[in-house]
Amino acid sequence: MCLGIPGQILEIKDVDNLLAVVSVAGVKREVNIACLVGPQQTPEDCVGFWVLVHVGFAMARIDEQEAAEMLIALSELDELE
């Protein structure tokens with residue numbers, strides 16, 4: 001099983017290589033956004049998106065409410081440890 005962590009795209013760092021800066025629980029990380037970009041979606045359009053991040057890739061776009069719920073659930077799991 002893989003786990004995607006919610007994060008928000010803050011800026012595009014490298015358009016040619018499809019790299020963006022994403023805030024994941026307050027920590028800024030560089031991630032690849034190739035899975036999000038297509039004929040109808042430019043890299044610049046992705047700024048502000050909430051996404052699921054897994055091993056350095058933004059795998060899917062999610063809405064802000066879903067991201068908030070996931071962050072709460074992950075926080076609760078951390079408290080169990």
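What share of the contacts in the protein with a separation of 6 or more comes from residues 24 or more positions apart? The figure is 42%. Keep in mind that this is a predicted model. Here are my notes, point by point.

1. Overall layout. The protein has five strands and one helix, and along the sequence they come in the pattern β-β-β-β-β-α. The radius of gyration is 13 Å, close to the 12 Å that the globule rule gives for 81 residues, so the protein is as compact as a globular protein of that length. If you want box dimensions, the C-alpha trace spans about 40 × 25 × 20 Å along its principal axes.

2. Surface and burial. Of the 81 residues, 28% are buried. The accessible surface comes to about 5300 Å², and carbon and sulfur atoms own 54% of that area.

3. Charges. There are 14 negative side chains and 4 positive ones. The centres of these two sets sit 7 Å apart.

4. Strand E1 and its partners. E1 covers residues 5–14 and pairs with E4 (residues 50–54) in the antiparallel sense, over four bridges. Gly7 has Val51 of E4 as its bridge partner. E1 also runs antiparallel to E2 (residues 19–24), this time with five bridges. In that pairing, Glu11 is matched with Val21 of E2.

5. The E1–E2 turn. E1 and E2 make a hairpin with four residues between them. Leu18 is in the loop between these two strands, and its phi is near 55°, which is positive even though the residue is not a glycine. For context, most residues other than glycine have a negative phi.

6. The other hairpin. E4 is joined to E5 (residues 57–62) by five bridges, again antiparallel. Val51 turns up here too, standing opposite Arg61 in E5. So what links the two pairings of E4 at one residue? Val51 is the bridge partner of Gly7 and also faces Arg61. The E4–E5 hairpin has two residues between the strands, and Val55 takes a positive phi near 45°.

7. Val31. This residue is in strand E3, which covers residues 27–32. Is Val31 buried or exposed? Its relative accessibility is 2%, and because the cut-off for buried is under 20%, Val31 counts as buried. Leaving aside residues up to four places away in sequence, Val31 touches Leu18, Leu19, Ala20, Val22, Val53, Gly56, Phe57 and Ala58. Leu18 in that list is the positive-phi residue from the E1–E2 turn. As for Ile9, the C-alpha atoms of Val31 and Ile9 are 9.0 Å apart, with 22 residues separating them along the chain.

8. Ala25. Here is another positive phi outside glycine: Ala25 has a value of about 55°. Where is Ala25 found? It is in the loop between E2 and E3. Ala25 has a relative accessibility of 67%, and since exposed means over 50%, Ala25 counts as exposed. Compare that with Val31, which is buried at 2%.

9. Backbone spots to look at. If you are going through the phi values, the residues to pull up include Leu18 at near 55°, Ala25 at about 55° and Val55 near 45°. Leu18 belongs to the E1–E2 loop, Ala25 to the E2–E3 loop, and Val55 to the hairpin of E4 and E5.

How values were computed
Residues are numbered from 1 along each chain as its sequence is written. This is a predicted model: local features need pLDDT of at least 70, side-chain atom pairs count only at pLDDT 80 or more; totals for chains, interfaces and linings use all residues. Side-chain values use heavy atoms; hydrogens and water are left out. The radius of gyration is taken over C-alpha atoms; the globule rule is 2.2 Å times the number of residues to the power 0.38. Buried means under 20% relative accessible area, exposed over 50%, partly exposed in between (1.4 Å probe, protein chains only). Contact means heavy atoms within 4.5 Å. Accessible areas come from the Shrake-Rupley method with a 1.4 Å probe; for residues, only the protein chains shown count as cover. Lys and Arg count as positive and Asp and Glu as negative; His and the chain ends are not counted. The place of a charge is taken as NZ of Lys, CZ of Arg, CG of Asp or CD of Glu. Two strands pair if DSSP finds at least two bridges between them.
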